[in-house]
Amino acid sequence: MVDIYIIDLLVIGLLLLGVTLGSGWISRLPLSFALIYLVVGIFLGPYGLGLIELRRDEVFNAEFLERLTEFVVIISVFSCGLKIVMPLNLAVWDITVRLIGFLMPISIFGLAAVGKLFLGMDWGAAILLGAILAPTDPVLASEVQLTDTNDQDELRFGLTSEGGLNDALAFPFVYFGLYALKDNNWDNWFKQWVLVDLIWAIASGIVMGIIVAKAVVWIDKRIQKRRSVDELMEDFIAIGAILLTYSLTEIINGYGFLAVFVAGLVVQQSYKNPEQPLAQLEFLERVEKLLEVGTILLLGSILLWPQMLKYATQSLLVIVLLFFVIRPLGVWISTIGKRPVDSSRRSLNSGTRWLFGWFGIRGVGSLYYLGYAFGHGLKGEIGEQIAWITYTTIVVSVIVHGISATPLMNWYERNIANQIKPTRAATINEFK
């Protein structure tokens with residue numbers, strides 16, 4: 001009898017070969033690679049061939065999925081930082097400040113209100129649900145993010161920087177929800193949450209991202225002057241920088257995701273030779289795509305229809321309000337008075353604002369936060385409720401955003417982006 005593990009390798013090998021050889025056709029269709037992986041994952045799971053079993057207490061093996069998604073996210077957020085060549089100027093980064101400083105809290109507390117008012121949750125669980133689902137995903141959103149280091153499009157830049165940052169800055173609210181679940185008396189932990197989980201963790205994440213990245217680049221430059229690194233090994237400098245930044249930051253209780261994103265920005269800005277970070281980016285994107293395959297396959301394989309149907313009404317309510325009310329309304333509020341970078345208009349194009357509102361893609365980041373919550377006290381009926389609402393929201397996001405991304409971005413390129421690219425490029429160069 002053939003080992004199931006061997007059959008898994010055979011199917012995954014056929015999947016990788018198929019999507020690679022067919023990528024030229026797939027990229028032209030209103031169809032995302034993630035949707036293909038999800039369908040294959042379902043096919044390999046208990047409702048298909050039953051070749052992948054990843055479950056504990058009918059939810060999932062929390063620690064394994066947490067670690068896998070953690071690694072995927074740190075690779076992705078570093079790549080987000082490497083893609084961004086925008087000058088560190090408030091006028092250029094205004095859209096990011098608005099999406100992180102206004103939109104994310106609106107999303108978290110909007111979802112928390114839904115959980116409290118309509119789903120029967122207490123405030124701790126409701127805020128935890130909001131923190132898990134509020135961050136947009138840097139992994140599955142590659143089709144709407146910056147394509148390379150030459151891309152200066154404001155919509156893509158905003159979505160890339162948002163995806164790189166909000167996976168880190170949702171963490172304080174994850175902690176808040178977990179604390180509140182364990183202890184209803186906020187006086188016992190609220191001061192610690194503000195000082196440690198909010199102020200210290202964010203500040204140390206930013207500082208460590210700068211320090212470690214600067215140190216790695218300095219060492220790399222000094223060694224390269226004496227003896228060139230083997231070309232086959234050079235790309236691993238980026239992996240080393242990511243792991244060092246993340247681990248050292250976590251050791252001092254900082255936010256590793258934030259540090260890694262900042263490190264990506266610093267690395268991009270630190271090399272005089274633009275080919276160096278570009279080569280690292282190309283390598284990391286390949287690693288990210290491979291990890292994406294594994295993560296979405298596992299997501300498809302752990303879906304259980306009875307549990308999804310049990311929470312289907314609640315999930316549908318969250319999805320409709322998040323996708324069509326909370327995110328779009330939050331973007332509209334957050335971008336009031338926003339002037340585009342090209343400065344030829346007094347306000348951001350309404351089509352661009354609606355696209356910001358629509359492309360709130362949920363995915364691997366939410367899976368990580370869910371796994372983290374299960375490993376740090378989330379359990380029981382409330383755990384299942386949050387888990388299956390999260391799973392269903394991610395699945396729907398993979399489907400609807402995956403199908404709509406290509407045609408909507410093509411429309412954007414034809415009708416909005418191409419009209420302002422020359423002006424924008426000239427304006428951004430003035431800030432450098």
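Helix α9 gives the most to the nonpolar patch on the surface, with four residues. This is a predicted model, so please keep that in mind for everything I say. The patch is formed by L195, V196, I199, W200, L244, L248, I251 and I252, and together they have about 710 Å² of accessible area. Two elements give two or more residues to it: α9, residues 190-226, and α11, residues 236-251.

Take one residue from that patch. L248 has its place in helix α11. Is L248 buried or exposed? Neither: its relative accessibility is 35%, so L248 counts as partly exposed, because that class lies between under 20% for buried and over 50% for exposed.

Now to the inside. The structure holds three cavities of 30 Å³ or more. I will go through two of them.

The largest cavity has a volume of about 80 Å³. Its lining consists of S32, A34, L140, E143, I361, S397, V398, H401, G402 and A405. Which helix gives the most to that lining? Helix α18, residues 380-431, with five residues. By type, the lining divides into five nonpolar residues, four polar and one charged.

The second largest cavity has a volume of about 50 Å³. Lining this one are T136, D137, A141, V144, Q145, L159, E162, G163, R327, F359 and I361. Helix α7, residues 154-169, gives the most here, with three residues. The division in this lining is five nonpolar, three polar and three charged.

One residue to look at on the screen is I361, which lines the largest cavity and also lines the second largest cavity.

Methods
Residues are numbered from 1 along each chain as its sequence is written. This is a predicted model: local features need pLDDT of at least 70, side-chain atom pairs count only at pLDDT 80 or more; totals for chains, interfaces and linings use all residues. Side-chain values use heavy atoms; hydrogens and water are left out. On a 1 Å grid over the protein atoms alone, a cavity is a set of points where a 1.4 Å probe fits but cannot get out, and a pocket is an open set with protein on both sides within 12 Å along at least five of seven lines; lining residues have an atom within 4 Å of a point. Grid points are joined across faces, edges and corners, and a volume is the space filled by probe spheres set on the points. Ala, Val, Leu, Ile, Met, Phe, Trp, Tyr, Cys and Pro count as nonpolar, Asp, Glu, Lys and Arg as charged, and the others, Gly among them, as polar. Patches are made of residues with over 30% relative accessible area and no salt bridge: like charges are joined within 9 Å, nonpolar side chains (Val, Leu, Ile, Met, Phe, Trp, Tyr) within 5 Å. Accessible areas come from the Shrake-Rupley method with a 1.4 Å probe; for residues, only the protein chains shown count as cover. A salt bridge is a side-chain nitrogen of Lys or Arg within 4 Å of a carboxyl oxygen of Asp or Glu. Buried means under 20% relative accessible area, exposed over 50%, partly exposed in between (1.4 Å probe, protein chains only).
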